[in-house]
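Please look through the sequence and the structure shown below before reading on. The report that follows takes up a few places in turn and describes their surroundings.

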Amino acid sequence: MKKIGVTLSGGFVKGAAHIGFLKALEYKGLSPSFIAGASAGSVVGLLYACGIPLEKIEEIGRELSWKKLATPSLKGGLFKLDGLHKILRELTGNPDLRELKIPFAVVVVNLKTLKAEVKREGPAVDFVVASCSLPPLFSPWKVGNKYYFDGGVRNCLPAEVTKSSGVDLNVCSNVNTYTELKNYNPQSIANVTMRASLANVIENQSWRLNYCDIIVNHSIPYSPLDFSKVEEIVKAGFEETIREIEKWL
């Protein structure tokens, strides 16, 4: 039987589509033997790699809000994701990445060197929170004596990481597409920041698509900041994945 690898992109709240994506894989009888993720994809990937059921992960997502995830900081960023750290620590216990039920890798960017780093060992929750800490919205996250920030800035779809793990089939879930470019508010700091980030993300993802054996590009017509749409995003992720996988099976 083929070894299935999974790659989950960053994408703020739109990363909830990865829950639907994984539900679709389970529905089709496909079990990942390796997961790689960046930013929002690393959150879903961590929880799934820890063995938390997808129904529970979706429930957690529906209950989230930015108030629960972040607090004002103004030290390296406008907010700090200490709430996210607390939630993930309570759910998982902050295990070492080497101890997870499914092998898992997370991408972060080293604040000093500005290089993307792939973490396969060390405190899982800390590296996942670091991978979500997008400047200037969120402060860099300290792990040990080093600071890291959002892995999606340099590598938002770490498909090459999954491919190099020895899997036979790399199935990639991507929520960063050109469909997001249609509507925007030039007066919104958050919206403009995310669009600037999206421009970089689309660029750094482009060559990595070559490492995807199956790519599911989710077209999500909701704001990447709106937690009230998690249920709809999960459903859309499931349906899009089913359609794409059935082309290959």
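## A helix and its cover

In helix α5, which runs over residues 82-92, the buried residues are G83, L84, H85, L88 and T92. This comes from a predicted model, and the statements below should be read with that in mind. The cover over the buried residues of α5 includes α2 (40-49), α4 (66-69), α6 and β7 (141-143). After α5 comes G93, a residue with a positive phi, near 85°.

## An acidic residue in α6

Helix α6 (residues 124-132) holds D126. Which residue is the nearest with a side chain of opposite charge to D126, and how far away is that side chain? The residue is R89, at 7.3 Å, and D126, although buried, has no salt bridge. A salt bridge would need a side-chain nitrogen of Lys or Arg within 4 Å of a carboxyl oxygen of Asp or Glu. The side chain of D126 does, however, make a polar contact of 3.1 Å with the side chain of W141. Leaving aside residues up to four places away in sequence, D126 touches H85, N94, W141, K142 and V143.

## Three places compared by accessibility

The table sets out three residues with their locations and their relative accessibility.

| Residue | Location | Relative accessibility | Class |
|---|---|---|---|
| S9 | loop between β1 (4-8) and α1 (17-27) | 0% | buried |
| I245 | helix α9 (residues 230-245) | 1% | buried |
| L78 | loop between β3 (71-72) and β4 (79-80) | 38% | partly exposed |

S9 counts as buried because its relative accessible area is 0%, and buried means under 20%. Not counting residues up to four places away in sequence, S9 touches a list of residues that includes H18, A38, A40, G41, C156 and L157, and S173, N174, V175, N176 and Q205 are also among the residues that S9 touches.

I245 is likewise buried, with 1% relative accessibility, and, with residues up to four places away in sequence left out, I245 touches L25, K28 and L30. I245 and A24 are separated by 221 residues in sequence, while their C-alpha atoms are 8.6 Å apart in space.

L78 counts as partly exposed because its relative accessibility is 38%, which lies between the limits of 20% for buried and 50% for exposed. Together with L74 and F79, L78 forms a nonpolar patch on the surface, and the three residues have about 300 Å² of accessible area together.

Notes. Residues numbered from 1 in each chain as written. Predicted model: local features only at pLDDT ≥ 70, side-chain atom pairs only at ≥ 80, totals over all residues. Heavy atoms only, no water. Patch = residues over 30% accessible without salt bridge, like charges linked within 9 Å, V, L, I, M, F, W, Y side chains within 5 Å. Areas by Shrake-Rupley, 256 points an atom, 1.4 Å probe, with all protein chains shown as cover. Helix = DSSP H or I, 4+ residues; strand = E, 2+ residues; numbered from the N terminus. Buried < 20%, exposed > 50% of the residue type's maximum accessible area, 1.4 Å probe, protein only. Lys, Arg positive; Asp, Glu negative; His and termini not counted. Polar contact = N/O pair within 3.5 Å; in protein donor to acceptor, adjacent residues only side chain to side chain. Contact = heavy atoms within 4.5 Å.
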